[in-house]
Every structure is written in C-alpha cells, then in structure tokens.
Amino acid sequence: MNEQSRRWVRGFVDYAGLAFFVIALAVTRNLVQATWGLVVGAAAAVVVGLVFERRIPPMALATAVMAIIFGSLTLVLHDARFIKMKPTILYVGFAGFLFAGLARGKNPLRTLMGDTFHLPDPVVRVLTLRYAIFFLALAGANEVARHVLGDVGWGYSKLAAMGAVFVFTLAQMPLILKHTPDPSEEPPAAG
C-alpha cells in the first residue's frame, strides 16, 4: 500500500465513527438514532484497520470499543445518557493510563501513539503529562456539555472536542519539532 493510501486508511480508522455519527445526527436530528452511525462507523473503522493495516492503533481501538459498548447500550435501552457519558469515561481512562505510566517511570504516550514520533524520553514525558491534563480538561468539558446542552447540541459539541484536540496537538508542535531527530544526520558512533 502506498503512503497516500495508508494515510486515507489511518484517517478512516481515526475518524469514521465521529463522521458517521455527525452525518447521522444531521439527518435524523435524534441522538439515539444517530448513535447507529457511531456504532457502524466504529465497527467499520476496526474492520478497515485490520484488513488494510493488520493492526489498529491502541487509542483508535479503545475509542472504537467504547463507542460500540456505549453506543449499543444507548440503542438497546433507548437512553442517550450512555452515549453522552462515553467521552468522559474514555478521556478519564486515557488520562489515568498516562498518569499511571508516568508514576511508574514509563512513557505510556508511546504506547498510545505507536510509531508516530521518535523523540527523547524526557520530551515524551512532558508530552505525556500535557496530554493527561488535556484529557482531564476534555472530560470536564464533556460533563459541562452533557448537563447544559440538549441532545443535538451535545452531539455537535463532539466536533468542537475534535477541533480542540487538533488545536492542542498543533500547540505541541514547537516542542516536537525542536526535539525531532534530523533524518539526514547520522547518529554518533558508539565508542
């Protein structure tokens, strides 16, 4: 598979659930019915990841599994509270995983992100701490949205959350770029 195809597959795996959900919400204007889009999109993302890459990044897999579980509860019980709780539980879970790894002296962000970047361990620890705090902020924002917004407004707030992730990630780029090894430079010889 060429690099452009690989990017499309990764994009589909990362965003299919959200995209299907938002489209279904725009069509149905009903959060419970739109949850079908999330469940189908998340399941499709898992299948596409397995078929084309023979793997699924851990973060995408955790998100898909949570979407399928909480989406199924929403559909079976016809209760939108389950799908609204999913982001909070997911974000707190990610933050807990990151904080626990840091407490054990590990770099859990490497596990979540896979081979996305090659940075020195101290830089990865800084990014891990930043992302853990950010995930807690997203969980708090979801709780506010869950209690303040109506069903449709809450559904569209997931686009705002995705935008926040994008902006936050961009804000980390100066640190990442400053410490990314130059591929044209050879590592020093061991002496």
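Helices here are DSSP runs of H or I with at least four residues, numbered from the N terminus. With that in mind, select Gly49, which lies in helix H2. You are looking at a predicted model, and Gly49 will come up again later in the tour.

**The whole chain**

Zoom out and colour by secondary structure. The chain holds seven helices and zero strands, so reading from the N terminus the pattern is α-α-α-α-α-α-α, given that helices are counted as DSSP runs. Along its principal axes, the C-alpha trace spans about 65 × 35 × 25 Å. Of the 191 residues, 39% are buried. If you switch on contacts between residues at least 6 apart in sequence, 65% of them join residues at least 24 apart.

**First stop: H1 and H2**

Select residues 3-28 for helix H1 and residues 31-53 for helix H2. Their axes are 7 Å apart and the packing angle is about 165°, which means that H1 is roughly antiparallel to H2. H1 passes H2 in a right-handed crossing. Show the side chains at this contact and you will find 18 nonpolar, seven polar and three charged residues.

Now pick Arg29, in the loop between H1 and H2. What is the sign of its phi, near 55°? The value is positive, in a residue other than glycine. For context, most residues other than glycine have a negative phi.

**Second stop: Gly49 and the end of H2**

Return to Gly49 in H2. Is Gly49 buried or exposed? Its relative accessibility is 0%, so Gly49 counts as buried. Leaving out residues up to four places away in sequence, Gly49 touches Val13, Arg54, Arg55 and Ile56. For a distance check, draw a line from Gly49 to Val22: the two are 27 residues apart in sequence and 21 Å apart in space, C-alpha to C-alpha.

One of the contacts of Gly49 is Arg54, so step there next, into the loop between H2 and H3. Arg54 has a phi near 60°, again a positive value in a residue other than glycine. Arg54 is exposed, with a relative accessible area of 71%, whereas Gly49 is buried at 0%.

**Third stop: H3 and H4**

Select helix H3, residues 58-77, and helix H4, residues 81-103. The axes of H3 and H4 come within 9 Å and cross at roughly 155°. Why is this pair called roughly antiparallel? Angles over 145 degrees count as roughly antiparallel, and that makes H3 roughly antiparallel to H4. H3 passes H4 in a right-handed crossing.

To see the contact, show these side chains:

- From H3: Met59, Ala62, Thr63, Met66, Ala67, Phe70, Gly71, Leu73, Thr74 and Leu77.
- From H4: Phe82, Ile83, Lys86, Ile89, Leu90 and Phe94.

By class, this contact has twelve nonpolar, three polar and one charged residues.

**Fourth stop: H4 and H6**

Keep H4 and add helix H6, residues 121-148. The two helices pack at an angle of about 160°, with axes 8 Å apart, and that makes H4 roughly antiparallel to H6. Here the crossing is left-handed, whereas H3 passes H4 in a right-handed one. The contact of H4 with H6 divides into 17 nonpolar, three polar and four charged residues.

**Fifth stop: the core**

In soluble globular proteins, nonpolar side chains tend to be buried together. The largest nonpolar core in this model has 47 residues. Which residues have the most contacts inside the core? They are Phe21, Leu127 and Phe135. The elements giving two or more residues to this core are H1, H2, H3, H4, H6 and helix H7, residues 151-179. H6 gives the most, with ten residues.

Centre the view on Leu127. Not counting residues up to four places away in sequence, Leu127 touches Leu109, Leu119, Gln172, Leu175 and Ile176.

**Last stop: Ser157**

Finish by selecting Ser157 in helix H7. Ser157 is buried, with a relative accessible area of 14%; the cut-off for buried is under 20%. Setting aside neighbours within four places in sequence, Ser157 is in contact with Ala145 and Leu149.

Terms used: Residues are numbered from 1 along each chain as its sequence is written. This is a predicted model: local features need pLDDT of at least 70, side-chain atom pairs count only at pLDDT 80 or more; totals for chains, interfaces and linings use all residues. Side-chain values use heavy atoms; hydrogens and water are left out. Axes are lines fitted to C-alpha atoms, for helices over the stretch in contact, and angles run from 0 to 180 degrees between N-to-C directions. Angles under 35 degrees count as roughly parallel, over 145 as roughly antiparallel, 65 to 115 as roughly perpendicular and the rest as oblique. A crossing is left-handed if the near helix is turned anticlockwise from the far one by less than a right angle, and right-handed if clockwise. Ala, Val, Leu, Ile, Met, Phe, Trp, Tyr, Cys and Pro count as nonpolar, Asp, Glu, Lys and Arg as charged, and the others, Gly among them, as polar. A nonpolar core is a set of buried Ala, Val, Leu, Ile, Met, Phe, Trp, Tyr and Cys residues joined through side-chain atoms within 4.5 Å. Buried means under 20% relative accessible area, exposed over 50%, partly exposed in between (1.4 Å probe, protein chains only). Contact means heavy atoms within 4.5 Å.
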